[in-house]
Amino acid sequence: MSRGVRIAIAGAGFIGAVHARSARLAGGRLVGVAASSPGRSERAAAALGAERAFGSADELVASPDVDIVHICTPNHLHRPLAEAALAAGKHVICEKPLAIDATGAQALVDAAEDAGRQTAVPFVYRYYPTVREARERVRGGESGPVRIIHGNYLQDWLLRPEDDNWRVDAQLGGASRAFADIGSHWCDLAEFVTGHRITRVCARMLTAMPERARAASRAAFERGGEAGETREVGTEDAAVVQFETDGGAIGTTVISQISAGRKNQLFLEISAAEESLAFNQEEPESLWRGRREAAIVIKRDAEALSEPAARYAFLPAGHPQGYADCFDAFVAEAYAAVAAGEAPEGLPVFADGLRSARITEAVLSSARDERWIDVLAPEALALAG
Ligand SMILES: NC(=O)c1ccc[n+]([C@@H]2O[C@H](COP(=O)([O-])OP(=O)(O)OC[C@H]3O[C@@H](n4cnc5c(N)ncnc54)[C@H](O)[C@@H]3O)[C@@H](O)[C@H]2O)c1
C-alpha cells in the first residue's frame, strides 16, 4: 500500500481507537473521525491525532478526501453508513456484525459488488499465527477428517444487572446480542480453521437478567447503573448452540457475556481423525496438539511453524504477540486488497459478514421455535422481516 492512503473512522469508542492505531501502522493517513456529536468528534480527533473532526458520520462517508472508511459505530448504523460510503465510491472496513440482520448484510454484499470496491470485516482472530497453524494442519491433511468442533466464547462484562451498554438494546445492537457480538467471532474462526460450513443449528438462549439498570454511560466495557432507572432487556445474555457442518462434523458452542471471571475466553477445539487441536484466545501464543501417542504444545515460533502461519509471526518467539498484532495484520491486508484490487486469501470480507448474519438468524430462529434450523432456510432469513 502506498503511504498516505486517506482513511476516516466513524465511531471512536473502544474499537475505533484500535482501528486508528492499526491504520497508521499500515501507512494510512487519518484524515478524520466522527463520533456521536460534533463535540465528541472534536475530542476524538484530538485523542486519536486525526487531521480533522467531521460534523457527522454521514458527512465523513461522503467526503471526497477519503479513500477508505472504517465503520466502528454501534451495529444499527453499519448498514446505512456502509451503503452511503460505497455509493460515494469508498472502500469499506465495517465492524461485525456487518448488519443487524441478514437482509441488511446481503444488501451490503450486493452494494459492494455493484460499486466494485474492496470490503473487510474484522474477524481478526484469524490472524493469530497459532490459528493459521491449526488451519494448515487441517488443510494439509495431517489432522485427518474433522469430526467434532467445539468450544466457547465467554465474557463477564455484562454479569450484573447494573452493567449496561448500547448492545443490550435490540434497536441499536440487533435482535441477538451475545451471539451476534461474540458468537459471530467463534463461528467465523471455527469455519476458517476447519474449512467446514455450519449448515444446521439447534439453539437455546438465556436472558438471565430481563431487566437492567439504564446507565448514564453506555460505552463498551464501562460500568453503568448511575441513573437509577431500569429497562426491559430483550436480547440474550448467553446462547448454547449445537450444529452440523457440510463436512460431516458435529459441534457445539457456548456463548456468554455473563460468565464470571472470563474476559475473552474464545476456546476452539477440533477433534479430527488423527489428532485434536485446541486454541485459547487468552493464551494465543500456544496451540495444543494431541495425538493418541502424545500431546504437545506448539509455540508461536516462526522456526517451528508452517510458512502460512510464520508469515504472521512478527516478533521473535518469546516476545508475546496478541490481539493488537492481529488487528494490525488484518488492516494491512485490507489495505493491500485496496492497492491490488483484490482480496488476499483469508481476508474476512463482507461475504463472511453475511455468513455470520445468516448463522445468527438461524440461531435466533431455532431458539424461538425450539427446533433445528437450516442456516440458509427461508424461515431463518425471514426472521428479521
Ligand atoms: N472486531 C472486533 O474484535 C470488535 C471488538 C469490539 C467491538 N467491535 C464492534 O465495533 C463496533 C463498536 O463497538 P465498541 O466496542 O467500540 O463500542 P463503543 O461503545 O466503545 O464505541 C462506539 C462509538 O460509536 C460512536 N457513535 C455512536 N453513534 C454514532 C454516530 N451516529 N456517528 C458516529 N459515531 C457514533 C460512539 O460515540 C462511540 O464512540 C460494534 O459494532 C462492535 O460489534 C468489534
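The legends below describe close-up views of a predicted model.

**View 1. The two domains and the contact between them.**
The domain assignment of the protein chain gives domain 1, residues 5-123, and domain 2, which is made up of residues 125-323 together with 346-374. Between the C-alpha centres of domain 1 and domain 2 the distance is 24 Å. Where the two domains meet, 24 residues of domain 1 are in contact with 28 residues of domain 2. The size of an interface is often given as the accessible area lost when the parts come together. For domain 1 and domain 2 the buried area is about 2100 Å², and carbon and sulfur atoms give 68% of this area.

**View 2. The nonpolar cores.**
The largest nonpolar core has 74 residues, of which W186, L268, F330 and Y335 touch the most other members. Because domain 1 (5-123) and domain 2 (125-323 + 346-374) both give residues to this core, it lies between them. Another core, of 29 residues, lies apart from it and has A57, V69, I71 and A99 among its members.

**View 3. The six-stranded parallel sheet.**
Six strands form an open sheet in the order β3-β2-β1-β4-β5-β6, and their pairing is parallel. The edges are taken by β3 (52-53) and β6 (119-120), each of which has a single partner strand, so one side of each is left without a neighbour in the sheet. At the β6 edge, two bridges pair this strand with β5 in the parallel sense, and I93 stands opposite A120 of β6.

**View 4. The cis peptide bond before P97.**
Between β5 (91-94) and α5 (102-115) runs a loop that contains P97. The peptide bond leading from K96 to P97 is cis, and its omega is near -15 degrees. Most residues other than glycine have a negative phi, and most peptide bonds are trans.

**View 5. R126 in the loop after β6.**
R126 is placed in the loop that runs between β6 and α6 (129-139). With a relative accessibility of 5%, R126 counts as buried, because the cut-off for buried residues is under 20%. When neighbours within four places in sequence are left aside, the contacts of R126 are V131, R132, D188, L189, F192, G346, L347, P348 and D352.

**View 6. The nine-stranded sheet and its edges.**
An open sheet of nine strands follows the order β16-β15-β14-β13-β7-β12-β11-β8-β17, and the pairing within this sheet is mixed. Its edge strands are β16 (295-299) and β17 (373-374), each of which pairs on one side only. Strands of a sheet pair through backbone hydrogen bonds, either parallel or antiparallel.

**View 7. Strand β15 between its two partners.**
Strand β14 (residues 276-280) runs antiparallel to β15 and is joined to it by three bridges, with S276 standing opposite G290 of β15. The hairpin that joins β14 to β15 passes through five residues. Towards the sheet edge, β15 (residues 286-290) pairs with β16 in the antiparallel sense over five bridges, and here the hairpin passes through four residues. Within β16, A295 is the bridge partner of G290, while V297 is the bridge partner of W288. Strand β15 is mostly covered, since four of its five residues are buried.

**View 8. T235 and its buried surroundings.**
T235 belongs to the loop between β10 (229-232) and β11 (238-245). The relative accessible area of T235 is 0%, so this residue is buried. A polar atom of the T235 side chain lies 2.9 Å from the backbone oxygen of V168. With neighbours within four places in sequence left aside, T235 is in contact with R167, V168, A170, G174, A175, R177 and T207.

**View 9. The positive phi of E370.**
E370 is found in the loop that lies between α11 (350-369) and β17. Although E370 is not a glycine, its phi is positive, at about 55 degrees. The relative accessible area of E370 is 58%, so E370 is exposed, the cut-off for exposed residues being over 50%.

Key
Residues numbered from 1 in each chain as written. Predicted model: local features only at pLDDT ≥ 70, side-chain atom pairs only at ≥ 80, totals over all residues. Heavy atoms only, no water. Pairing = 2+ DSSP bridges. Buried < 20%, exposed > 50% of the residue type's maximum accessible area, 1.4 Å probe, protein only. Polar contact = N/O pair within 3.5 Å; in protein donor to acceptor, adjacent residues only side chain to side chain. Contact = heavy atoms within 4.5 Å. Core = buried A, V, L, I, M, F, W, Y, C linked by side-chain atoms within 4.5 Å. Domains from an automatic or database assignment. Buried area = accessible area lost by both parts, 1.4 Å probe.
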